[in-house]
Amino acid sequence: MSHTILLLQSTNKLDSRTYSDYESVDESLDGICKVFEEHLKKRNPMSPSITYDISELFEFIDEISDLSCLVFQKQTGQYKPHNKEWIKQEIFQLLRKQAGGK
């Protein structure tokens, strides 16, 4: 359980900057998935359910102006930054674990 701060800037506009903090990396990754799901719901308001595959999620992540995670490192007492590529790798591992594929 490493405290994680998610930094997101959805567009080039500075006022689109937001941050969220989570008790773990996995919770922050779920948070990113929820942001994408909300995006899909806004694009498809009449759809009774939302489905997507990982390639669509990764495309969304790539289109976000800026996205990074700061993960607390107990050993150093500092936050380590991680970029979009790291986030996508971690999401892939999380979804694989959730699907039972370890």
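Me: Buried means under 20% relative accessible area, exposed means over 50%, and partly exposed lies in between. In this predicted model, what makes Cys69 count as buried?

Reply: The relative accessibility of Cys69 is 0%, and the cut-off for buried is under 20%, so Cys69 counts as buried. Cys33, at 8% relative accessibility, also falls under that cut-off and therefore counts as buried.

Me: And why is Thr11 called partly exposed?

Reply: Thr11 has a relative accessible area of 36%, and a value that is neither under 20% nor over 50% is called partly exposed, so the term applies to Thr11. Thr11 is placed in the loop between E1 and E2, where, leaving aside neighbours within four places in sequence, Thr11 is in contact with Ser16 and Ser65. The C-alpha atoms of Thr11 and Phe36, which are 25 residues apart along the chain, are separated by 14 Å.

Me: How do you know that Cys33 and Cys69 are not joined by a disulfide?

Reply: A disulfide is a covalent bond between the sulfur atoms of two cysteines. A pair of cysteine sulfur atoms must be within 2.5 Å to count as one, whereas the sulfur of Cys33 is 11 Å from the closest cysteine sulfur, in Cys69, and is therefore too far for a bond. Seen from Cys69, the closest cysteine sulfur is that of Cys33, at 11 Å, which is again too far. In line with this, a search of the whole structure finds 0 disulfides.

Me: What makes E2 and E4 the edge strands of the sheet?

Reply: The open sheet has 4 strands in the order E2-E1-E3-E4, with antiparallel pairing, and strand E2 (17-22) and strand E4 (78-82) are the edge strands, each pairing on one side only. The twist from one strand to the next averages 20°.

Me: How do you know that E1 and E2 pair?

Reply: Two strands pair if at least two bridges are found between them, and strand E1 (residues 4-9) is joined to E2 by 6 bridges, so the criterion is met. Within this antiparallel pair, Ile5 stands opposite Asp21 in E2. The antiparallel pairing of E1 with E3 also runs over 6 bridges, with Cys69 in E3 as the bridge partner of Leu6.

Me: By which bridges and residues is E3 tied to E4?

Reply: E3 and E4 run antiparallel and are joined by 5 bridges, and residues that stand opposite each other across them include Cys69 with His82 in E4 and Gln73 with Gln78 in E4. These two strands form a hairpin with 4 residues between them, and Gly77 in the turn has a positive phi of about 75°.

Me: What is the basis for the term given to the relative direction of H2 and H3?

Reply: Helix H2 (residues 54-63) and H3 pack at an angle of about 160°, with their axes 11 Å apart, and since an angle over 145 degrees counts as roughly antiparallel, that is the term for H2 relative to H3. The contact includes, among others, Leu57, Phe58 and Ile61 of H2 with Lys88, Ile91 and Leu95 of H3. The crossing of H2 and H3 is right-handed.

Me: Which strands do H1 and H3 lie across?

Reply: Helix H1 (residues 25-43) lies across E1, E2 and strand E3 (66-73), at about 25° to E1; an angle under 35 degrees counts as roughly parallel. Helix H3 (residues 84-98) lies across E3 and E4, at about 70° to E3, and 65 to 115 degrees counts as roughly perpendicular.

Notes
Residues are numbered from 1 along each chain as its sequence is written. This is a predicted model: local features need pLDDT of at least 70, side-chain atom pairs count only at pLDDT 80 or more; totals for chains, interfaces and linings use all residues. Side-chain values use heavy atoms; hydrogens and water are left out. Axes are lines fitted to C-alpha atoms, for helices over the stretch in contact, and angles run from 0 to 180 degrees between N-to-C directions. Contact means heavy atoms within 4.5 Å. Buried means under 20% relative accessible area, exposed over 50%, partly exposed in between (1.4 Å probe, protein chains only). A crossing is left-handed if the near helix is turned anticlockwise from the far one by less than a right angle, and right-handed if clockwise.
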